[in-house]
Amino acid sequence: ILVEFYAPWCGHCKSLAPEYAKAAKKLSESNPPVPLGKVDATVEKKAAEKFKVQGYPTLYFFKNGKQMEFSGGRDEAGIVNWIMKKTGPPSTKVTCDELKKKVEDNK
């Protein structure tokens, strides 16, 4: 789960909100679905202290009980791509033709 710790008055948080919502919708439709959460750190002060939140917005990814700082982009694509790299399969089976096409598409 990716969790955003935010403050309602924070301008950066307000800018992130629509992108985070779009990423949440897209990730909820992935297989398997990946949840995104939000915590108002001005209300849930103990949670913010527990996770050492020092600025807003702060995004942490939690996997298997481990906390990791989010280092992806702050737009829908950046969030989704970062999460998919952390949660997706380590590799994907492709045919020779598919691999050739991927190589050509990335030139």
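Here is a short conversation about how labels are assigned in this predicted model.

User: What should I know about the model before we start?

Analyst: Happy to set that out: the model is predicted, so local features need pLDDT of at least 70 and side-chain atom pairs count only at pLDDT 80 or more, while totals for chains, interfaces and linings use all residues. Residues are numbered from 1 along each chain as its sequence is written, and side-chain values use heavy atoms, with hydrogens and water left out.

User: Why is the pair Glu 4 and Lys 38 called a salt bridge?

Analyst: The term asks for a side-chain nitrogen of Lys or Arg within 4 Å of a carboxyl oxygen of Asp or Glu. The closest N and O atoms of Glu 4 and Lys 38 are 3.8 Å apart, so the pair qualifies. Glu 4 sits in strand E1 (residues 2-6) and Lys 38 in strand E2, 34 residues apart, so the pair links distant parts of the chain. Helices (H or I, at least four residues) and strands (E, at least two) are DSSP runs, numbered from the N terminus.

User: What makes Glu 4 buried or exposed, and how does Lys 38 count?

Analyst: Buried means under 20% relative accessible area, exposed over 50%, and partly exposed in between (1.4 Å probe, protein chains only). Glu 4 has 0%, so it is buried. Lys 38 has 43%, so it counts as partly exposed.

User: How many salt bridges are there, and which one lies in helix H4?

Analyst: A search of the whole structure finds 4. Asp 105 and Lys 101 meet at 2.9 Å, N to O, and both lie in helix H4, 4 residues apart, about one turn of the helix. Asp 105 has a relative accessible area of 52%, so it is exposed, and Lys 101 is exposed at 53%. Another salt bridge joins Glu 29 and Lys 25 at 2.7 Å, and both of those residues are exposed.

User: How do you know that Asp 40 has no salt bridge?

Analyst: The nearest side chain of opposite charge, Lys 45, is 8.9 Å away, so the 4 Å limit is not met. Here Lys and Arg count as positive and Asp and Glu as negative; His and the chain ends are not counted. Asp 40 is buried and belongs to strand E2 (residues 36-40).

User: What makes the pair Asp 40 and Thr 42 a polar contact?

Analyst: Their side chains are joined at 2.5 Å. A polar contact is a pair of N or O atoms within 3.5 Å; within protein, one must be able to donate a hydrogen and the other to accept it, and residues adjacent in sequence count only if both atoms are side-chain atoms. The distance is therefore inside the cut-off.

User: Why is Lys 52 called exposed, and what is its phi?

Analyst: Lys 52 counts as exposed because its relative accessibility is 62%. Its phi is positive, about 55°, although Lys 52 is not a glycine, and the residue is found in the loop between H2 and E3. Asn 64 also has a positive phi of about 55°; with a relative accessible area of 76%, Asn 64 is exposed. Most residues other than glycine have a negative phi, and most peptide bonds are trans.

User: Which peptide bonds are cis?

Analyst: The bond from Asn 31 to Pro 32 is cis, with omega near 0°, and the bond from Tyr 56 to Pro 57 is cis, with omega near -15°. Pro 32 lies in the loop between helix H1 (11-28) and E2.
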